Amino acid sequence: MINKTFALVRRALQADTRDFRPHLFRCALAFTVLFTLATIQMNSFSRTAPGKDLFTWVLYINYWFITAAGATFFATAITEEKEERTLGLMKMAGVGGAAILAGKWIPRLIGALLLILIQIPFTVLAITLGGVMWSQIGAAYIALLAHLFLVGNIGLLASVLRPTMSSASGLCVLILFLFHLLPMFARSALQAMITPTGVTTQLLLSMIYLCDTADQMCAMWQFPEIMGTGFNSLLLSFQVISNLIAGGILLLLSWLFFDICTRNDIEPGEATWLNKSRHLVSFGNARRSWDAALIWKDFHYLVGGLFVLLIKCIAYAVAVFVMVMFVEDWNWRHIDFDDVGAVCFGLGLFMLIVKLAVIVTRVYREEMTQNTWSLLSMLPTSLAAIAYAKLLGGLIGLLPVLGCLLVSFLMVPDDWMDVIEDILTEADAFLIVSYFTLQAILGLHLGAYLSVIARWAVWPLSKFLATFTIVMWNVMVISCLNGMGGRSEEGIFFILCCISGVVILVLHYILSQRLVAMSSE
Amino acid sequence: MNPVIEIKNVTHLFKQHRALDGITFEVASGSLHGFVGPNGAGKTTTLKLICTLLKPQAGQIKVFGYDVGYDVKAIRRRIGFMPDHFSMYRQMTVFEYLDFFGAAYGFSLTERTRIVGDVLALTDMDGRKNDLIQGLSRGMQQRVSLARVLVNDPDLLLLDEPASGLDPRARIELMEILRELRRMGKTIFISSHILSELAELCDSVTIIDRGKTKYSGPMEGLLEQQTVNPIFRMRIQGEPDDFIAVLESIHGVLGVETMEGRPEVRVAINQELTDSNRLLRDILDKQLTIINFGRDQRHLNDAFMDLTERGVRT
């Protein structure tokens, strides 16, 4: 088994070494840390502990990077072989489940570790800048590594259980979302059950204790303690030990489920369970295409059609209700229009960006994986018309999100009107909103472009890379502006808007050229 | 008849690789034209140029008289292209798939109902119209692909390796559908590696190798060319050893050879000294009983090997 595992690891590392993109990405990360260092140095006059600030930044960047890697980099470990239908060949060559798992997982772990290692020189600088000690850096990195082990194994298990990279990525995101937020919501709800009624059962207390314990497993909640003044705890904290144990259990589960979940090959463009069930209940009555066929296709097969839209509307309603209840300490009598409006706005805006990212990264990629782009390109219409029609079909999927924003508008119309008035009357507000809107459009273009150039194995990464690049860029811009002490912000935002506009146009052109090239591949 | 496809001196490069190097040929209207070449010869590139997915870098390609570089939409309305890879929306049912393409070509709901019904009947898929495509066999999927090509009622069908990966039955059935389409007046341009079927099916053929046209013209011309001395293939009652000497003694016979594994012989004659009638009469005069007799033609395989192996076989 060891030889086979090493063969897989060696192959993966060789491929990683030969490909320039991972090196480029590492350089980009190092540059990001360096830039963070520069901006902190620029702001050092207003800081008491610049070293601590730098390291805290680096720590949170790493944390979110590792978390996102779980849903992308690690969630593709086995699914990439499933989609390429090479697992069967490996099994025929006598490579067992454990060897495949280790062979696919270890190179990813090494890749992630390399990304963390390249930052070590900067962390030494953090000590020199002051405000942070070696013990804190050690504890933080150990917490991060334990988090990496846990998240990596969540991704691995998702990639074993799910048939495609998209679905594995989705499952992993769901687990990580619950891991971060469920204990907090559950504890809040359970505490609300105690207070008004005065009933405190042992079961409730145990459940609250369970929520606290689950919270302590999350490295992010431990960082304030680690970075706090006078930190003097053990390096092997509860979070580290629990993450390692949970990661080990997930690894074991991956191995146990491996054979069951990898028996059958999958084909690109397989019908989903939703599609199959809808087909069964239709009793042979085929759905008829709209005259706008391309819009119809993506609305039904990318978005999921009216049925999925309805489910999403219900899901958003439930999410808004839970969040409003959370905000109001689970007392429904305190709920007012303002709460609902604010929650709808926050959720709507967040989901708008998330859904847009999902749509633009899938809309052309799906045609690429199913080899159907050349068929569409043969239609007697321009390629641009085809591309925009497809996009429009996908964008219909935003209706529930837009509904959420509409509810927000109806609940707090005055707040909305104030904001709109500010944007229209104040130059700086207009420029700032324009700038961030352009940034979102830029991110979407980048995501769409990466999704059609990326190798099959790194497609889910394109979403993450696009988001990461845009977020980091904006963090840098804001840090720089802070460093400049607010001088001529309007002028700078105007220039940044112009630059963003040009970059969007360039990306739009490159994407269109890529789509043309794809039609003849 | 006017040519449907006219290709003149077309050259196409992919970076440094010369995929096509001045190819020239024509495809007549209503013909079933075979397109043959070894792997990497430039077949798929040629097909993509014809169906407007690529633009020619040098030379000229006209389809129905339209230039592929400029009149893209006019050409696309009149052609149907079936690529060499399976490219389908496998999550759709057969009917939905065809209905979708019908709508994409701009047909109304009523027209689509009729068209989809017609192409399903033609490809014998009407019994499976409500099945998900992913559940169909490869042969069935290929039929659905062909049905999709026919949705816009194209005058020219461009088929890239349509029979590859199909079992013999599915292949034979596909060939039958193609014959039926030819009878309906469609021009079919078919790229394939299955030479025996092409020889049987096609009126004309183009052979290319390393981006160059090696032959383009009628199938008979290819199979008969380069035979200076006519050769006849015959089966005669009795053991070959008994009658070979007799055949060799006939006036005008240049040589007789047995065919390995077959009870037949091949007889080459000098056409200045004899002909087929005289040869037959002479054989009968020698008291030999002929079971069958015919002009020996080269196989397309032989012609293909001769043209593409650059004189290795002489």
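This is a tutorial dialogue on reading a predicted model of a complex with chains A and B.

Student: Where do I start with confidence, and what does chain B average in pLDDT?

Tutor: Begin with the overall score, then go element by element. This model is predicted, and chain B averages a pLDDT of 84, with 95% of the residues scoring at least 70.

Student: Which helices of chain B have the lowest and the highest confidence?

Tutor: Helix α11 (residues 300–308) of chain B is lowest, at a mean of 72. At the other end, α3(B) is highest, at 92. For the complex, the predictor gives an ipTM of 0.77 and a pTM of 0.77.

Student: Next, secondary structure. How many helices and strands are there in chain A, and how many in chain B?

Tutor: Counting elements gives a first picture of each chain. Chain A has 24 helices and zero strands, whereas chain B has 11 helices and 14 strands. The C-alpha trace of chain B spans about 75 × 45 × 35 Å along its principal axes.

Student: What percentage of each chain is buried?

Tutor: In chain B, 42% of the 314 residues are buried. For chain A the figure is 37% of 521 residues.

Student: And what share of the contacts comes from residues 24 or more positions apart?

Tutor: Here we take contacts with a separation of 6 or more. Residues 24 or more positions apart account for 67% of them in chain B and 81% in chain A.

Student: Let's look at a single helix. What is the reach of α15(A) from its first C-alpha to its last?

Tutor: One check on a helix is to set its reach beside the expected span. Helix α15 (residues 305–327) of chain A has 23 residues and reaches 33 Å, close to the 33 Å expected at 1.5 Å a residue. After the helix comes A:Asp329, with a positive phi near 55°.

Student: Which residues of α15(A) are buried, and what covers them?

Tutor: The buried ones are A:Lys312, A:Val320, A:Val324 and A:Met325. Their cover includes α16 (337–363) and α20 (399–411) of chain A.

Student: Now strands. Which strands is β11(B) joined to, and in what direction do they run?

Tutor: With strands, look at the partners, the direction and then the individual bridges. Strand β11 (residues 231–236) of chain B is joined to β14(B) by five bridges, and the two run antiparallel. Four bridges join β11(B) to strand β13 (residues 265–269) of chain B, also an antiparallel pairing.

Student: Which residues are bridge partners in β14(B) and in β13(B)?

Tutor: On the β14(B) side, B:Arg235 is partnered by B:Asn292, and B:Ile236 by B:Ile290. In β13(B), B:Val267 is the partner of B:Phe232.

Student: Why does β14(B) lie largely in the open?

Tutor: Count the buried residues along the strand. Strand β14 (residues 290–295) of chain B has six residues and the number buried is zero, so it lies largely in the open.

Student: How should I read one residue, say B:Gln60 in strand β4 of chain B? Is it buried or partly exposed?

Tutor: Count its neighbours. A residue is buried with 20 or more other C-beta atoms within 10 Å, and exposed with 12 or fewer. B:Gln60 has 14 C-beta neighbours inside 10 Å, so it counts as partly exposed. Leaving aside neighbours within four places in sequence, B:Gln60 is in contact with B:Lys8 and B:Asp67.

Student: What about the nonpolar cores? Which residues have the most contacts inside the largest one?

Tutor: Look for the residues that tie a core together. The largest nonpolar core has 109 residues, and those with the most contacts inside it are B:Ile50, B:Val63, B:Tyr97, B:Leu98, B:Leu158 and B:Phe189. The element giving the most to this core is α3(B), with eight residues. A second, separate core has 55 residues, among them A:Tyr63, A:Phe65, A:Val151 and A:Met165.

Student: Which residues does B:Ile50 touch?

Tutor: Not counting residues up to four places away in sequence, B:Ile50 touches B:Ile5, B:Ile61, B:Val63, B:Val68 and B:Leu158.

Student: Finally, how many residues does each chain bring to the contact between A and B?

Tutor: For an interface, ask how many residues, from which elements, and of what class. Chain B brings 27 residues and chain A brings 29. On the chain B side, α2 (72–78) and α3 (94–104) each supply at least two residues, and α3(B) has the largest share, six residues. By class, that side of chain B has 14 nonpolar, six polar and seven charged residues.

Conventions: Residues are numbered from 1 along each chain as its sequence is written. Chains are lettered from A and ligands numbered from 1 in the order in which they are written. This is a predicted model: local features need pLDDT of at least 70, side-chain atom pairs count only at pLDDT 80 or more; totals for chains, interfaces and linings use all residues. Two residues are in contact if their C-beta atoms, placed from the backbone, lie within 7 Å. Two strands pair if DSSP finds at least two bridges between them. Ala, Val, Leu, Ile, Met, Phe, Trp, Tyr, Cys and Pro count as nonpolar, Asp, Glu, Lys and Arg as charged, and the others, Gly among them, as polar. pLDDT is the predictor's confidence in each residue, from 0 to 100. A nonpolar core is a set of buried Ala, Val, Leu, Ile, Met, Phe, Trp, Tyr and Cys residues joined through C-beta atoms within 7 Å. The expected span of a helix is 1.5 Å times one less than its number of residues.
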